[in-house]
Amino acid sequence: MYRYDEFDLGFVRERVAEFRDQVARRLSGEMTEDQFKPLRLMNGVYLQLHAYMLRVAIPYGVLSGRQMRKLAHIARKYDRDYGHFTTRQNLQFNWIKLADMPAILEELAEVEMHAIQTSGNCIRNVTADHFAGAAADETVDPRPYAEILRQWSSLHPEFSFLPRKFKLAVTGAAADRAAIQVHDIGLEAKRDAKGDIGFAVWVGGGQGRTPMIARKLRDFLPEADLLAYCEAILRVYNLEGRRDNKYKARIKILVHEKGTDEIADAIENEFASLKGKALDLPAAEIARIAAYFAPPALADLPARSAKLEAAKAADVALARFVDRNVSAHKRPGYGIVTVSLKPVGLPPGDATSAQMDAVAALAERFSADEIRVSHEQNLVLPHVRLDDLPELFAGLAAAGLATPNAGLVTDIIACPGLDYCSLANARSIPVAQRISERFADLGRQHDIGDLKIKISGCINACGHHHVGHIGILGVDRKGEEFYQITLGGSGDETCSIGEIVGPGFPADRIVDAVEQVVDAYLGLRRDPGETFLAAYRRVGLKPFQEALYADA
Amino acid sequence: MPTPETALWRAGAFAADDWRFPAAGEPVPADGKVALPKARFLAERAALAGRNGPIGVVLESGESLADIEDDVPRFGLIVLRFARYADGRNYSTARILRDRLGFRGELRASGDVLRDQVLFMLRAGFDALEIAHAGTVATLKEGRIVGVHRHYQPASNEIGESAAGLRGWQRTSRRLASN
Ligand code: SF4
């Protein structure tokens, strides 16, 4: 993984000193909360319903054991002994004192971490495929490019006061696990016939109150032009993006209002003046950064592990876990393990300090000291020997982390909702908890198969409900919490926005409604291999509407 | 434009303003440095062509370079006004002026110019700041701006920065001295 050099370390230390100075001015009253707000946001500090919240950047979701232990330590010392992993591969601490912030940032700097640009109207922490460098279907490892983009976008003098937040995601595999088509810029690294690397560039996707799928502006942008092209996109957006209405300020609205052709022309025009100059990526530099992401030393192993097969035959719980939570690795005899942070009845994405420490220890022992955070709010151990899976499974189970539900109906994404967020209309976490209790039976979950439920507490869509196979949106109906259901959304390479099924449901009916949708699917699928999404795409909304509103 | 309450900081030191900003209706002085709002400049462009003395232009927040791009080489001063510091359009305008249009005159930020943005402004190509905020004036005078001087991207103050280290896009800038 990437390691800071002296320059990187000096940069983060200077930023901590700068923020310490800003916090001191706020605490002394020299700055008002209004003046302080954009400054603290640029450093990941939010004012929530009950307290300040700190969002720590986990660039493209990659962590070492040492970094995870530091996060556990911070949770223990400064917070309530837990942290919350977010849909942007970051970590939030929900109960932090403003006066403690500088000290926490210094602790983070010790392990090459920071909170820069995890919020505010700037280029946010860059996200990437959480299986990067390990997935069997990968063409190009996206992490070196994500790192280069992270550097370029850090305290960018031109793009620190954009009309609105700006999110980049990078993938390099056939299956899009980074949801690039619902990002402001989505990049797919690929190779041409000659083997050269380039990028498909998607612009103007997003969720929120106006969900849009991005447009592809380039099919193969040469590698060397990556930064110049991104700078051109950002410049057009910074100058032209709407600033009169924050709900229309994202680049997706600009692309929509001006039209793809006009925006593409403006970007190409800017790009022409930036290309071939200081922003060109030299091949030697790319190679130097890519070297940090060289694969760990992995052994030559047979594809099948007799040890694992025997253990599975003896233990149905292990078999279930392997079936759902282990994905194909590019090296034979290895697997990618998803550590579910969605145990039945607990808030999605939360991990206690003890669990973070446990994952750190298991990663050091079984996964070449690497951990990933997925945008589905789970953790990933990317390089595990199949032979080691029984022992790893036991270690995870001891920490309460062996829930075998990756990608299943209880692997729910939910935003913080009304329990934490001042913008919320409705609670999301309790709804997720109740759904996971309803579907707690593992046999039933495995029978239902792949099904992504995503819940947002308001139209800002932080829970990504638009791209949930089943999406749930909290709305306010005359002061009462109501929930609207959308069906058929997907954030992968077949990206689609979910369709609203009909009138919403009160809090005491929403779980029944989800169950009716699932039962309707089980009744109409052609065979157990036809997933919910495939079935929905075949039959459309109607059968589900009939199931939900039969007696209306 | 500069009032008794604002201070002009230019290329590292506080200075007296040598530009004049005629009020609406007030005739343009025959000589000396004079800067005009964009609309007035456009209306009087032909007449100004024969004038003795440098001309500048003042762009209000939200005004673009449209219609005056060709005039850029003749300007001695361009003022970009920040109505609110969180409106970042001027950073792009500044970079286009410096890097694409080759503007070498004084590029001045005015309006909501605050200490926490000074380094961004200098990197984007501004070399003069017209500051109303007393705390910012004091901090600059005492050389107390705390900021980040290691940068991850080339910007528009390339002569003021050095390309430190291995990465082609890496820069460092100097701390602002007190004066
Ligand atoms: S979707 Fe709404 S309620 Fe949920 S975290 Fe985002 S802003 Fe808050």
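**Exercise 1. Find the partners of strand 5 in chain B of this predicted model, and say which way they run.**

Start with strand 6 (residues 106-111) of chain B: 6 bridges tie it to strand 5 of chain B, and the two run parallel. To get the register, look at B:Leu77, which sits opposite B:Glu106 in strand 6 of chain B.

Now take strand 4 (residues 55-59) of chain B. This strand is joined to strand 5 of chain B by 5 bridges, again with parallel pairing. Here the register can be read from B:Val57, which faces B:Ile78 in strand 5 of chain B.

Last step: how covered is strand 5 (residues 75-82) of chain B? Mostly: 6 of its 8 residues are buried, taking buried as under 20% relative accessible area.

**Exercise 2. Work out how the overall dimensions of chain B compare with the globule rule.**

First, the inventory: chain B has 5 helices and 10 strands. The radius of gyration of chain B is 17 Å, and the globule rule gives 16 Å for 179 residues; the two values are close, so chain B is as compact as a globular protein of that length.

Next, the outline. Along the principal axes, the C-alpha atoms of chain B fill a box of roughly 50 × 35 × 30 Å.

Then the inside and the outside. Of the 179 residues in chain B, 49% are buried. The accessible surface of chain B is about 7,600 Å², with 53% of that belonging to carbon and sulfur atoms.

Finally, the contacts: among those in chain B with a separation of 6 or more, 49% come from residues 24 or more positions apart.

**Exercise 3. Take the sheet 6-7-8-9-10 of chain A and identify its edges and the helix lying across it.**

This is an open sheet of 5 strands with mixed pairing. Strand 6 (127-128) and strand 10 (215-222) of chain A are at the edges; each has a single partner strand, so one side of each lacks a neighbour in the sheet.

Go inward to strand 8 (residues 185-191) and strand 9 (residues 197-203) of chain A: they run antiparallel and share 7 bridges. As a register check, A:Lys190 stands opposite A:Gly198 in strand 9 of chain A.

Now add helix 6 (residues 226-240) of chain A, which lies across strand 7 (168-171), strand 8, strand 9 and strand 10, at about 155° to strand 10 of chain A.

**Exercise 4. Do the same for the sheet 1-2-5-4-13 of chain A.**

The pairing in this open sheet of 5 strands is antiparallel. Strand 1 (45-47) and strand 13 (350-352) of chain A are the edge strands, each pairing on one side only. From one strand to the next, the twist averages 30°.

Inside, 4 bridges connect strand 2 (residues 52-56) with strand 5 (residues 91-96) of chain A, and A:Tyr52 faces A:Ile96 in strand 5 of chain A. Helix 3 (residues 65-78) of chain A packs on the sheet, touching strand 2, strand 4 (82-85) and strand 5, and makes about 15° with the direction of strand 5 of chain A.

**Exercise 5. Which residues have the most contacts inside the largest nonpolar core?**

They are A:Met68, A:Leu71, A:Leu149 and A:Val337, in a core of 158 residues. Helix 6 of chain A gives the most to this core, with 10 residues. Zoom in on A:Leu149: beyond four places in sequence, its contacts include A:Val126, A:Leu187 and A:Cys230. Another core, of 34 residues, lies apart and has A:Ala414 and A:Leu548 among its members.

Key:
Residues numbered from 1 in each chain as written. Chains lettered and ligands numbered in written order. Predicted model: local features only at pLDDT ≥ 70, side-chain atom pairs only at ≥ 80, totals over all residues. Heavy atoms only, no water. Pairing = 2+ DSSP bridges. Contact = heavy atoms within 4.5 Å. Axes fitted to C-alpha atoms, helices over the stretch in contact; angles between N-to-C directions. Core = buried A, V, L, I, M, F, W, Y, C linked by side-chain atoms within 4.5 Å. Buried < 20%, exposed > 50% of the residue type's maximum accessible area, 1.4 Å probe, protein only. Rg over C-alpha atoms; globule rule 2.2 N^0.38 Å. Areas by Shrake-Rupley, 256 points an atom, 1.4 Å probe, with all protein chains shown as cover.
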